Amino acid sequence: QVQLVESGGGLVQAGDSLRLSCTTSGRTYSNYAMGWFRQAPGKEREFVAAISWSGGNTNSADSVKGRFTISRDNAKNTVYLQMNGLKPEDTAVYYCAAGRTQIRTVVFTVQSHYAYWGQGTQVTVSS
């Protein structure tokens with residue numbers, strides 16, 4: 001079993017930055033590809049960014065490319081989402097997810113590949 005705890009959300013103004021963190025406990029963290037998803041009010045949860053087990057491969061949604069960066073520190077069992085240039089449309093609950101894999105380079109962009117999810121952290125961007 002893997003437990004995920006997100007932190008770092010908050011209320012910011014358009015153009016500001018935030019860094020979300022997701023700390024993992026439980027089974028061997030480094031065997032997991034990690035991802036960030038978000039769900040805005042009245043909308044379905046959507047993919048934001050993902051990173052491979054090794055940390056060497058990443059992917060992100062077109063809507064956040066050039067603004068958001070995902071990274072991980074396997075020594076700290078933590079994955080990060082650096083969010084710059086925030087926009088009101090980024091307002092959502094952000095979820096961290098972990099997907100078990102034996103392939104160090106694989107990146108999962110589909111929710112069904114993730115078996116473990118955090119409780120989410122709210123990000124609100126005012127205009």
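Two strands count as paired if DSSP finds at least two bridges between them. The exercises below use that rule on a predicted model.

**Exercise 1. The hairpin of β7 and β8**

Establish how β7 and β8 pair, and find which residue of β8 stands opposite Asp73.

*Solution.*
- Step 1: count the bridges. β7 and β8 share 6 bridges, and the sense is antiparallel.
- Step 2: compare with the rule. At least two bridges are needed, so the strands pair.
- Step 3: locate the partner. Thr78 in β8 is the residue opposite Asp73.
- Step 4: look at the turn. The hairpin has 4 residues between β7 and β8. Asn77, in that turn, has a positive phi of about 55 degrees.
- Step 5: sort the faces of β7. Phe68, Ile70 and Arg72 make up the covered face. Thr69, Ser71 and Asp73 make up the uncovered one.

**Exercise 2. The open sheet**

Give the strand order of the sheet that holds β7, and explain why β1 and β7 each have a side without a neighbour.

*Solution.*
- Step 1: write the order. The sheet is open and has 4 strands, β1-β3-β8-β7, with antiparallel pairing.
- Step 2: find the edges. β1 (2-7) and β7 (68-73) each have a single partner strand, so one side of each lacks a neighbour in the sheet.
- Step 3: add the turn between strands. Direction ignored, neighbouring strands are turned by 15 degrees against each other on average.
- Step 4: check one pairing in detail. β1 and β3 (residues 18-26) run antiparallel and are joined by 6 bridges. Within this pairing, Val5 has Thr23 of β3 as its bridge partner.

**Exercise 3. β4 and its two partners**

Describe how β4 is covered, and name the strands that pair with it.

*Solution.*
- Step 1: assess burial. β4 spans residues 32-39, and 7 of its 8 residues are buried.
- Step 2: take the pairing with β9. β9 covers residues 92-100, runs antiparallel to β4 and is joined to it by 8 bridges. Met34 has Ala98 as its bridge partner in β9.
- Step 3: take the pairing with β5. β5 covers residues 46-51, also runs antiparallel to β4, and 5 bridges join the two. Here Trp36 stands opposite Ala49.
- Step 4: inspect the β4-β5 hairpin. There are 6 residues between the strands, and Gly42 takes a positive phi near 75 degrees.

**Exercise 4. Phe37 and its aromatic partners**

Classify the pairs that Phe37 forms with Phe47 and with Tyr114.

*Solution.*
- Step 1: set the scope. The whole structure contains 6 aromatic pairs.
- Step 2: recall the cut-off. Planes over 60 degrees apart count as edge-to-face.
- Step 3: apply it to Phe37 and Phe47. Their planes stand at 70 degrees and their centres are 5.7 Å apart, an edge-to-face pair.
- Step 4: place this pair. Phe37 is in β4 and Phe47 in β5, so the contact ties together parts 10 residues apart in sequence.
- Step 5: apply the cut-off to Phe37 and Tyr114. The planes are at 80 degrees, with centres 5.4 Å apart, so this pair is edge-to-face.
- Step 6: place the second pair. Tyr114 lies in the loop between β9 and β10 (116-117), so its pair with Phe37 links parts 77 residues apart in sequence.
- Step 7: check burial. Phe37 has a relative accessible area of 1% and is buried. Phe47 is buried at 16%. Tyr114 is buried as well.
- Step 8: collect the group. Phe37, Phe47, Phe108, Tyr114 and Trp117 form one aromatic cluster.

**Exercise 5. Disulfide and core**

Find the disulfide, state its handedness, and identify the best-connected residues of the largest nonpolar core.

*Solution.*
- Step 1: find the bond. The structure holds 1 disulfide. Cys22 and Cys96 form it, with sulfur atoms 2.1 Å apart.
- Step 2: read the torsion. The value about the S-S bond is -80 degrees, and the link is left-handed.
- Step 3: place the ends. Cys22 lies in β3 and Cys96 in β9, so the link ties together parts 74 residues apart in sequence. Both Cys22 and Cys96 are buried.
- Step 4: turn to the core. The largest nonpolar core has 34 residues. Met34, Trp36, Leu81, Met83 and Tyr94 have the most contacts inside it.
- Step 5: list the contributors. β1, β3, β4, β5, β7, β8 (78-83), β9 and β11 (121-126) each supply at least two residues of this core.

Methods
Residues numbered from 1 in each chain as written. Predicted model: local features only at pLDDT ≥ 70, side-chain atom pairs only at ≥ 80, totals over all residues. Heavy atoms only, no water. Axes fitted to C-alpha atoms, helices over the stretch in contact; angles between N-to-C directions. Buried < 20%, exposed > 50% of the residue type's maximum accessible area, 1.4 Å probe, protein only. Phe/Tyr/Trp six-rings, centres within 6.5 Å; stacked < 30°, edge-to-face > 60°. Disulfide = S-S within 2.5 Å. Core = buried A, V, L, I, M, F, W, Y, C linked by side-chain atoms within 4.5 Å.
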